[in-house]
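Here is a short report on a single protein chain and its metal site. Look over the sequence and the structure first, then read on.

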Amino acid sequence: MPVHNQIAPGELEEVRRFINTWSIPNQTRIETDELPHWASDPQAWARELSPCPLQSADHLDTLLELRLALRKTCASHDHDSEALNIWFDKVPLSAFIESIKGLTHMRLKPAQRTYTGHILAIVANAISSGEWSRLKTCGDCQWAFYDHTRNGNKRWCGMSKGGPDGRACGTIAKVTAFRMRAAGKAG
Ligand SMILES: [Zn+2]
């Protein structure tokens with residue numbers, strides 16, 4: 001597994017990609033929003049984001065609001081549930097049972113076939129499995145990444161510029177903390 005693996009397990013990766021349609025690319029450092037472009041191009045949508053196509057109920061305004069709510073929750077992983085509860089109130093999901101290796105799991109799926117419902121069902125299932133709290137946004141660049149660390153306390157997308165999406169986020173904070181500790185020892 002590469003050091004900079006940020007990819008979320010299973011369908012949760014679709015949510016990570018959706019969140020990262022807004023980003024601040026390392027190269028330009030300018031806020032970029034790919035969502036309006038991809039939402040208007042079904043082929044790009046399927047290639048870049050999800051096998052679930054947009055439906056007529058998935059207005060761009062709705063998608064932008066949903067992305068904001070997901071970003072808000074991922075940024076404050078003491079799990080500010082309010083932003084998501086508004087969506088679970090608004091978009092109906094239905095329950096079903098799935099048997100995996102002899103174990104029975106309760107799962108959720110969208111009650112109506114929309115991309116918005118598809119994303120919310122993935123989030124709901126990730127909350128049940130405990131994976132949701134590991135989907136985070138970087139404290140520096142806001143990039144969404146999946147925290148694969150053992151204790152799940154990663155706060156930045158990458159600690160060096162290595163790797164395909166590597167940034168130096170968090171490095172300055174780490175250096176400052178190290179210097180403060182070193183200064184403390186010296187004094
Ligand atoms: Zn970052």
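## Zinc site

Four cysteine sulfurs coordinate the zinc ion: Cys 138 (SG), Cys 141 (SG), Cys 157 (SG) and Cys 169 (SG), at 2.3 to 2.4 Å. The model is predicted. The 4 donor atoms subtend angles of 105 to 115° around the zinc ion, which makes the arrangement tetrahedral. Tetrahedral here requires all angles to lie between 85 and 135 degrees.

The donor residues follow the spacing C-x2-C-x15-C-x11-C in sequence. Cys 138 sits in the loop between β5 and β6, and Cys 169 in the loop between β6 and α7 (171-186), so the pair ties together parts that are 31 residues apart in sequence. Cys 138 has 2% relative accessibility and counts as buried. Cys 169, at 4% relative accessibility, counts as buried too.

## Overall fold

The chain holds 7 helices and 6 strands. Along the sequence they follow the pattern α-β-β-α-α-α-α-β-β-α-β-β-α. Of the 187 residues in the chain, 36% are buried.

Take the contacts between residues at least 6 apart in sequence: 52% of them join residues at least 24 apart. The chain exposes about 11,100 Å². Carbon and sulfur atoms supply 55% of that area.

## Helix α1

How many of the 8 residues of helix α1 are buried? The count is 7, so the helix (residues 12-19) is largely enclosed by the rest of the structure. The buried residues are Leu 12, Glu 13, Glu 14, Val 15, Arg 16, Phe 18 and Ile 19. Charged side-chain types appear in that list as well, including Glu 13 and Arg 16.

The buried residues of α1 pack against several elements. Helices among them are α2 (35-39), α4 (60-75) and α6 (115-129). The strands are β1 (22-23), β5 (135-137) and β6 (144-146).

## Nonpolar cores

In soluble globular proteins, nonpolar side chains tend to be buried together. The largest nonpolar core in this chain has 30 residues. Which of them touch the most other members? They are Leu 12, Val 15, Leu 70, Trp 132 and Leu 135. Two or more residues come from each of α1, α2, α3 (42-48), α4, α5 (82-90), α6 and β6. Helix α6 gives the largest share, 6 residues.

A second, separate core has 7 residues. Its members include Cys 138, Cys 141, Trp 156 and Cys 157. Three of these names recur from the metal site: Cys 138, Cys 141 and Cys 157 also coordinate the zinc ion.

## Aromatic cluster

The count of aromatic pairs comes to 2. In one of them, the rings of Phe 18 and Tyr 115 have their centres 5.6 Å apart and their planes at 75°, so the pair is edge-to-face. Phe 18 lies in helix α1 and Tyr 115 in helix α6, so the pair ties together parts that are 97 residues apart in sequence. Phe 18 counts as buried at 0% relative accessibility. Tyr 115 also counts as buried, at 0% relative accessibility.

Trp 45 and Tyr 115 form an edge-to-face pair too, 4.8 Å centre to centre with 80° between the planes. Trp 45 lies in helix α3 and Tyr 115 in helix α6, so this pair ties together parts that are 70 residues apart in sequence. Both Trp 45 and Tyr 115 are buried. Phe 18, Trp 45 and Tyr 115 form one aromatic cluster.

## Positive phi residues

Arg 29 is not a glycine, yet it has a positive phi of about 60°. Arg 29 is found in the loop between β1 and β2 (32-33). Its relative accessible area is 48%, and Arg 29 is partly exposed.

Gln 142 is another non-glycine residue with a positive phi, of about 75°. Gln 142 lies in the loop between β5 and β6, where Cys 138 is also placed. With a relative accessible area of 29%, Gln 142 is partly exposed.

Terms used. Residues are numbered from 1 along each chain as its sequence is written. Side-chain values use heavy atoms; hydrogens and water are left out. Buried means under 20% relative accessible area, exposed over 50%, partly exposed in between (1.4 Å probe, protein chains only). Helices (H or I, at least four residues) and strands (E, at least two) are DSSP runs, numbered from the N terminus. Contact means heavy atoms within 4.5 Å. A nonpolar core is a set of buried Ala, Val, Leu, Ile, Met, Phe, Trp, Tyr and Cys residues joined through side-chain atoms within 4.5 Å. Accessible areas come from the Shrake-Rupley method with a 1.4 Å probe; for residues, only the protein chains shown count as cover. Donors are N, O and S atoms within 2.8 Å of the metal (3.2 Å for Na, K and Ca); water is not among the atoms, so sites may look incomplete. Four donors count as tetrahedral if all angles lie between 85 and 135 degrees; four count as square planar and six as octahedral if opposite donors are over 155 degrees apart and all others between 65 and 115; anything else is irregular. Rings of Phe, Tyr and Trp (its six-membered ring) pair if their centres lie within 6.5 Å; planes under 30 degrees apart count as stacked, over 60 as edge-to-face and the rest as tilted.
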